[in-house]
Amino acid sequence: MYDYTGDAGHNCIPDSGAVGIRVEDQLTKELWGLVQSKLKQLGYTVLDCTPYGQSFNKVGGSLGYRVRIANENGSKLHICIHFNACPGGHGVEVYATSAAGREVAQRVCNEISKLGYTNRGVKDGSELFVVKYTYMPSILIECAFVDSAEDMNRYNAEAMANAIVKGITGQEVIKESEEFDMNDIVLYFGDADVFAAIMKAQRMRCPLMKESDFNASGLKAENKVIIGGPNGTIKGDDRFKTFKAVGNTF
Ligand SMILES: [Zn+2]
């Protein structure tokens, strides 16, 4: 019996998540990893039920796997981490069925919305396989929209993980005593992204650097906005689309 079980949405074959400005599978994997380590830091036991990289005949196999591992081991709450996608959509919503699940779902929604995301509220999870078939109270968090520039600009995995843990446990995550050299910085991946980066840094009134230089410098920034490249927080399919994506954040 664990305190918490949970899974990062998708991340296996043929169950892959939404793709927008960012990729849901990457976000859920990173975020669920952070949530687990923060829960463990607070002294809770956690079991990861995600079948990373495994192959199933159907998506149902992926969902059934998660439910089976959670039910075989038991916990007081099962947590599914997802990201939404829908043109024009933005904000957080959390699905639950039981009264106990709804109560936690409301707290998670509130904590995430405190970060600035629109609070879309608690929704009925009775049609969602994992939420429906896990024996314990279960919540499915649609943290934000991967295709919303507003949400993806705001998105910070650490802050999101802290909000989820606070919502679930009611406890603040013990902050590591990290010293930052600056609050905000704009980083750009390639030289093609430099003008978009200048535009963004001027708006944010903050410094800018090439991402590779920043990584080599050892400098620490609390909030990094990365223009273009594989780690880009604002990016398009090519440099022109990246430029446009930056423009759309104003
Ligand atoms: Zn999903």
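How many bridges join strand 4 (residues 92-96) to strand 5 (residues 119-124), and do the two run parallel or antiparallel? There are 4 bridges, and the strands run parallel. Within this pairing, Val-92 stands opposite Asn-119 of strand 5. Helices (H or I, at least four residues) and strands (E, at least two) are DSSP runs numbered from the N terminus, and two strands pair if DSSP finds at least two bridges between them.

Before going on, a word on the model. It is predicted, with local features needing pLDDT of at least 70 and side-chain atom pairs counting only at pLDDT 80 or more, while totals for chains, interfaces and linings use all residues. Residues are numbered from 1 along each chain as its sequence is written.

Now follow the chain from strand 4 through helix 3 (residues 99-113) to strand 5: together they make a right-handed β-α-β unit (with the strands pointing away from the viewer, the path from the first strand over the helix to the second runs clockwise). Strand 4 also has 4 bridges to strand 6 (residues 138-145), this time antiparallel, and here Ala-96 stands opposite Ile-139.

Let's step back to the whole sheet. It is open, has 6 strands in the order 2-1-3-6-4-5, and its pairing is mixed. Strand 2 (46-48) and strand 5 are the edge strands, each pairing on one side only.

Finally, look at helix 3 against the sheet: helix 3 packs on it, touching strand 3, strand 4, strand 5 and strand 6 (contact means C-beta atoms, placed from the backbone, within 7 Å). The direction of helix 3 makes about 170 degrees with that of strand 4; such angles run from 0 to 180 degrees between N-to-C directions, using lines fitted to C-alpha atoms, for helices over the stretch in contact.

How values were computed:
Contact = placed C-beta atoms within 7 Å.
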